[in-house]
Amino acid sequence: MPIKLENVGIAVRNLEETIAFFTDLGLTVLGRDTVSGDWADTAVGLDGNHAKIAVLQTPDGQGQLELFEYLHPDAIETSPTLPNEIGMHRVAFSVDDIDAALEIAAKHGCTPLRGVANYQDVYKLTYLRGPSGILVMLAQKLQG
C-alpha cells in the first residue's frame with residue numbers, strides 16, 4: 001500500500017502570529033479556511049469543532065504544515081514539549097544560512113534553547129521555541 005505524508009498539523013495560540021513566523025522563514029501560505037460542522041466533529045473527534053486553519057508549504061514543495069487555531073472548543077494550554085518527551089517532538093527545516101534564519105526568528109522573539117551546535121562538521125543546527133511553544137529545529141549543511 002503506497003503512503004504519502006500530507007502535512008504536519010499544529011494547534012496554535014495565534015494563527016496570524018504563527019503564519020508570520022513561518023512565512024518569514026520562507027514558507028508560503030497555500031490556503032486558509034474556517035472548518036466546522038458534523039464532518040469536522042467526526043474527523044477530529046470533538047463536538048462543536050470550529051477552527052481557523054492555514055496550510056503552508058516549504059519552498060521545495062515537499063513539506064506542508066497545517067496550522068489551526070481553535071475557536072471552539074477552547075484551546076487547552078499545555079507546557080511546551082521538552083526535547084526528551086514522548087509524543088510529537090519538533091518540526092525540522094534545512095536552511096542555507098542558519099545565522100540569517102536565526103535573525104528572522106529573533107524578530108519574532110524566538111531564540112535558540114541553548115546555542116548553535118556543530119555536528120561533526122556536517123551540520124550547524126539548533127532548536128528554538130517558535131510561536132505557541134512549537135519546537136523548531138534549524139539545520140544548515142556545511143560545505144565539505
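Student: Starting with Pro 73, where does it lie?
Tutor: Pro 73 is in the loop between β4 and β5. Helices (H or I, at least four residues) and strands (E, at least two) are DSSP runs here, numbered from the N terminus.

Student: And the bond leading into that proline, from His 72, is it cis or trans?
Tutor: The peptide bond from His 72 to Pro 73 is cis. Its omega is near -15°.

Student: Before we go on, what kind of model is this?
Tutor: It's a predicted model, with local features needing pLDDT of at least 70 and side-chain atom pairs counting only at pLDDT 80 or more, while totals for chains, interfaces and linings use all residues. Residues are numbered from 1 along each chain as its sequence is written, and side-chain values use heavy atoms, with hydrogens and water left out.

Student: OK, backbone oddities next. What's up with phi at Gln 120?
Tutor: Gln 120 isn't a glycine, yet its phi is positive, near 50°. You'll find Gln 120 in the loop between β6 (117-119) and β7 (123-129).

Student: Is Gln 120 buried or exposed?
Tutor: Exposed, because its relative accessibility is 60%. The cut-offs are under 20% relative accessible area for buried and over 50% for exposed, with partly exposed in between (1.4 Å probe, protein chains only).

Student: What about phi at Asp 121?
Tutor: Asp 121 has a positive phi too, about 55°, and it is not a glycine either. Asp 121 sits in the loop between β6 and β7. Its relative accessible area is 56%, so Asp 121 counts as exposed.

Student: Switching to helix α1. Which of its residues are buried?
Tutor: Helix α1 covers residues 15-24, and its buried residues are Leu 15, Thr 18, Ile 19, Phe 21 and Phe 22.

Student: Why do they line one face of the helix?
Tutor: Because, looking down the axis of α1, the buried residues fall within an arc of 160°. That arc is taken from the directions from the helix axis to the C-beta atoms.

Student: What does the backbone do just after α1?
Tutor: Gly 26 comes just after α1 with a positive phi of about 120°.

Student: Back to those phenylalanines. How many aromatic pairs are there?
Tutor: There are three aromatic pairs. Rings of Phe, Tyr and Trp (its six-membered ring) pair if their centres lie within 6.5 Å; planes under 30 degrees apart are stacked, over 60 edge-to-face, and the rest tilted. One of the pairs is Phe 21 with Phe 22, an edge-to-face pair at 5.0 Å centre to centre with 80° between the planes.

Student: How buried are Phe 21 and Phe 22?
Tutor: Phe 21 has a relative accessible area of 0%, so it is buried. Phe 22 is also at 0%, which means it counts as buried as well.

Student: And how do the rings of Phe 68 and Tyr 70 sit?
Tutor: Their planes are at 90° and their centres 5.7 Å apart, so that pair is edge-to-face.

Student: Are Phe 68 and Tyr 70 buried or exposed?
Tutor: Phe 68 is buried, and Tyr 70 is too.

Student: Last one. Which residues form an aromatic cluster?
Tutor: Phe 21, Phe 22 and Phe 93 make up one aromatic cluster. Two of those names will be familiar: Phe 21 and Phe 22 are among the buried residues of α1.
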